[in-house]
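Visitor: I have a model open on my screen and would like a friendly tour. Could you walk me through it?

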Amino acid sequence: MRIVQVDVVFGVLSTGKIVQDLCDGLQKLGHEVLAAYGRGKKSSSLGVLKIASNAEVVFHAGMTRLTGWTGCFSPLATRRLKQAINEFQPDVVHLHEMHGYYVNINDILRFLGDRRIPIVWTFHSEFMYTGKCGYANECERWKTGCHDCPQLRECPSSLLFDHTKQMYERKRGTFQFLSKLRLVTPSDWLKQRVGESFLRERQVDIVYNGVDTTNVFYPRDRSMARARLGITSKYVVVSVAPKLMIPRKGGDWVLELARRMVEVDVTFLMIGVDADFRIDSPNVTALPRTHDQQFLAEVYSASDVFLLPSQKETFSMVVVESLACGTPVVGFDCGAPREVAPDGYGHWVNYGDIDALQRVLVGVLDGSLPMKTREECRMFAENRYSKFSMVEKYLNIYRELDGSMQPHRNLKQPA
């Protein structure tokens with residue numbers, strides 16, 4: 001098959017790593033793949049195309065802030081993507097995150113619809129059924145029609161104007177032109193949300209996001225990992241996010257726990273904190289965002305527990321990465337993560353209940369709250385979140401949608 005993958009990034013962040021793994025896996029099975037992306041460094045890899053310039057991304061973001069409209073200020077990148085699709089002649093186009101100031105979304109959708117090109121679209125966020133929000137959080141206007149957005153300043157932010165009603169209606173109208181479409185979510189939680197939106201009549205499949213559990217995310221020796229990180233405390237608690245200190249990711253909750261537990265022999269390791277952010281807790285080690293997955297695997301392996309303080313997550317790749325390295329998870333019940341790490345592999349409390357979160361965390365550390373063993377966490381992640389399983393499931397969806405080939409069976413994980 002000939003497959004185009006489209007995402008805001010390639011090879012970095014959650015969706016970019018997913019796209020890269022899909023491309024690698026599909027190519028190893030003999031399929032031809034083109035990955036088109038909008039932001040980040042230009043890739044020299046064969047079959048990877050950056051469609052947007054940095055200047056166009058900045059222009060798009062600036063115009064969104066000024067006008068309140070988003071997804072419509074990248075004419076050059078949109079033209080490059082259309083041209084690439086025309087030249088590649090794909091059997092299927094697999095869309096991922098379409099927002100992020102890099103393409104004119106409705107133009108591309110109408111282009112694909114007019115040509116009746118089969119589309120698989122993975123929703124990694126809630127953007128495509130809301131007026132503009134990637135995460136609706138507690139707002140439920142999207143169920144009936146967005147307006148008077150309470151998150152106007154959240155990304156993609158508008159400084160003055162609220163066009164969420166018009167953008168919501170535009171999205172709903174555009175989907176009516178897409179007849180050969182299969183939607184995919186990475187969790188049942190997000191599938192249920194889609195089922196409450198204007199897309200409720202569309203077929204939605206669930207494909208869990210996969211990680212490399214063979215060469216990257218596997219348990220390292222805990223003592224050696226701590227020695228390499230220079231950690232000498234009895235316990236280690238880790239939190240990881242690209243921008244851990246933004247409100248949605250909840251870094252402030254980690255700092256509050258650290259202040260409360262200053263008498264405990266524990267190190268709170270925070271990955272994704274800007275260098276100029278002041279940390280005044282002696283039991284906190286803060287490091288900047290990293291793309292080094294081997295280092296992250298060392299961090300997960302060194303830790304007793306992974307702490308997820310997020311407000312809302314539609315999946316959570318860091319939870320999967322931690323489990324694959326043998327480390328269980330505690331955190332706020334913030335959407336899909338409870339499904340990703342069910343009871344025993346994870347333990348969840350109501351969002352914002354810091355007292356309950358502290359009790360759970362202390363219980364896991366001192367052993368009074370039993371959790372799955374390292375081996376059990378590892379096996380659970382390996383069986384459920386392998387990137388090879390992800391490739392197989394997507395390939396079956398491509399074949400079913402294309403209609404010209406039978407579903408693929410029994411894809412074997414390389415030794």
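**Val-216 and the salt bridges**

Guide: Happy to, and let us start with one residue: Val-216 has 11% relative accessibility, so it counts as buried. Please keep in mind that this is a predicted model.

Visitor: Where is the place of Val-216?

Guide: Look for strand β7, residues 204-206, and helix α7, residues 222-229. Val-216 sits between the two, in the β7-α7 loop.

Visitor: Which residues does Val-216 touch, leaving out those up to four places away in sequence?

Guide: Contact here means heavy atoms within 4.5 Å. With residues up to four places away in sequence set aside, the partners of Val-216 are Gln-293, Gln-294 and Ala-297.

Visitor: How far apart in space are Val-216 and Glu-321, C-alpha to C-alpha?

Guide: Along the sequence, 105 residues separate Val-216 from Glu-321. In space, their C-alpha to C-alpha distance is 9.1 Å.

Visitor: Now the charged pairs. Which residue forms a salt bridge with Lys-387?

Guide: The closest N and O atoms of this pair are 3.9 Å apart, and the partner of Lys-387 is Asp-21. The bridge links distant parts of the chain, 366 residues apart: helix α14 (residues 387-402) holds Lys-387, and helix α1 (residues 13-28) holds Asp-21. Lys-387 is buried, and so is its partner, Asp-21.

Visitor: Glu-56 forms a salt bridge with Arg-80. Is Glu-56 buried or exposed?

Guide: In that bridge the closest N and O atoms are 3.8 Å apart. The pair links helix α2 (residues 54-67), home of Glu-56, with helix α3 (residues 75-88), home of Arg-80. Arg-80 counts as partly exposed because its relative accessibility is 35%. Glu-56 has 8% relative accessibility, so it counts as buried.

Visitor: How many residues apart in sequence are the parts tied together by Asp-304 and Arg-226?

Guide: The two side chains meet in a salt bridge of 2.6 Å, N to O. Asp-304 lies in the loop between α9 (293-302) and β11 (305-308), while Arg-226 belongs to helix α7, so the parts tied together are separated in sequence by 78 residues.

Visitor: And is Arg-226 buried or exposed?

Guide: The cut-off for buried is under 20% relative accessible area. Arg-226 has 11% relative accessibility, so it counts as buried.

Visitor: Which residues are linked in a network of salt bridges?

Guide: Two arginines, an aspartate and a glutamate take part. The members are Glu-256, Arg-259, Arg-260 and Asp-355.

Visitor: Finally, how many salt bridges does the structure hold?

Guide: The pairs on our tour are among them, including Lys-387 with Asp-21. For the structure, the number of salt bridges is 23.

How values were computed
Residues are numbered from 1 along each chain as its sequence is written. This is a predicted model: local features need pLDDT of at least 70, side-chain atom pairs count only at pLDDT 80 or more; totals for chains, interfaces and linings use all residues. Side-chain values use heavy atoms; hydrogens and water are left out. Helices (H or I, at least four residues) and strands (E, at least two) are DSSP runs, numbered from the N terminus. Buried means under 20% relative accessible area, exposed over 50%, partly exposed in between (1.4 Å probe, protein chains only). A salt bridge is a side-chain nitrogen of Lys or Arg within 4 Å of a carboxyl oxygen of Asp or Glu.
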